[in-house]
Amino acid sequence: MMYPLARQGVFRTIQGEGIFAGVPAVFIRLAGCSIGCSRCDTEYRKVSTASADEIADRAAALAVGDRWAWITGGERERR
């Protein structure tokens, strides 16, 4: 199965929200979102696809001692 990735795709960052705010992590942005939060700063349009293994390999390559990965989006792909 191929998963739709948003422009940001797979990247390392600092969690900015919730109880894990400030924690380094790898983010995986899947394309599509049906929630539509008014303050969202993410473009969820599909720009590429990748298999689960490809996504896991990218995340592992970026995880420099990180213990967390967040998968966001993917609820509905926008066209």
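The largest pocket of this predicted model has a lining of 20 residues. Nearest its centre lie E17, R29, T42, Y44 and T72. The space within the largest pocket comes to about 480 Å³. Three strands, β1, β2 and β4, the last spanning residues 69-73, each give two or more residues to the lining. In character the lining is mixed: 9 of its residues are nonpolar, 6 are polar and 5 are charged.

From the pocket, the description can turn to the nonpolar side chains. In soluble globular proteins, such side chains tend to be buried together. Here, the largest nonpolar core consists of 8 residues, namely L5, V10, V26, I28, L30, A50, I55 and A59. At least two core residues come from each of β1 (2-14), β2 (24-30) and α1 (52-62). Of the elements, β2 makes the greatest contribution, with 3 residues.

One member of this core, L5, is a helpful place to look at contacts in detail. Leaving aside residues up to four places away in sequence, L5 touches I28, R29, L30 and A31, the run R45, K46, V47, S48, T49 and A50, and also I55 and R58. Several of these partners are themselves core residues, including I28, L30, A50 and I55. Another partner of L5 is R29, a residue already met among those nearest the centre of the largest pocket.

Strand β3 covers residues 46-51 and includes S51. Is S51 buried or exposed? With a relative accessibility of 18%, S51 falls under the 20% cut-off and therefore counts as buried. Beyond residues up to four places away in sequence, the contacts of S51 are with M1, M2 and Y3.

A loop connects β1 to β2, and G22 is found there. When residues up to four places away in sequence are set aside, G22 touches I14 and Q15. How far apart in space are G22 and G32? Although 10 residues separate G22 from G32 in sequence, their C-alpha atoms are 25 Å apart.

Finally, a word on confidence is useful for anyone exploring the model. Across the protein chain the mean pLDDT is 87, and 95% of the residues reach 70 or more. Among the elements, α1 has the highest mean pLDDT, at 95, while β4 has the lowest, at 89. The strand with that lowest mean, β4, is also one of the elements that help line the largest pocket. Where pLDDT is low, predicted coordinates should not be read in detail.

Definitions and conventions. Residues numbered from 1 in each chain as written. Predicted model: local features only at pLDDT ≥ 70, side-chain atom pairs only at ≥ 80, totals over all residues. Heavy atoms only, no water. Core = buried A, V, L, I, M, F, W, Y, C linked by side-chain atoms within 4.5 Å. Buried < 20%, exposed > 50% of the residue type's maximum accessible area, 1.4 Å probe, protein only. Helix = DSSP H or I, 4+ residues; strand = E, 2+ residues; numbered from the N terminus. Contact = heavy atoms within 4.5 Å. 1 Å grid on protein atoms, 1.4 Å probe; cavity = no way out; pocket = protein on both sides within 12 Å on 5 of 7 lines; lining within 4 Å. Points joined across faces, edges and corners; volume = space filled by probe spheres on them. Nonpolar A, V, L, I, M, F, W, Y, C, P; charged D, E, K, R; others polar. pLDDT = per-residue confidence, 0-100.
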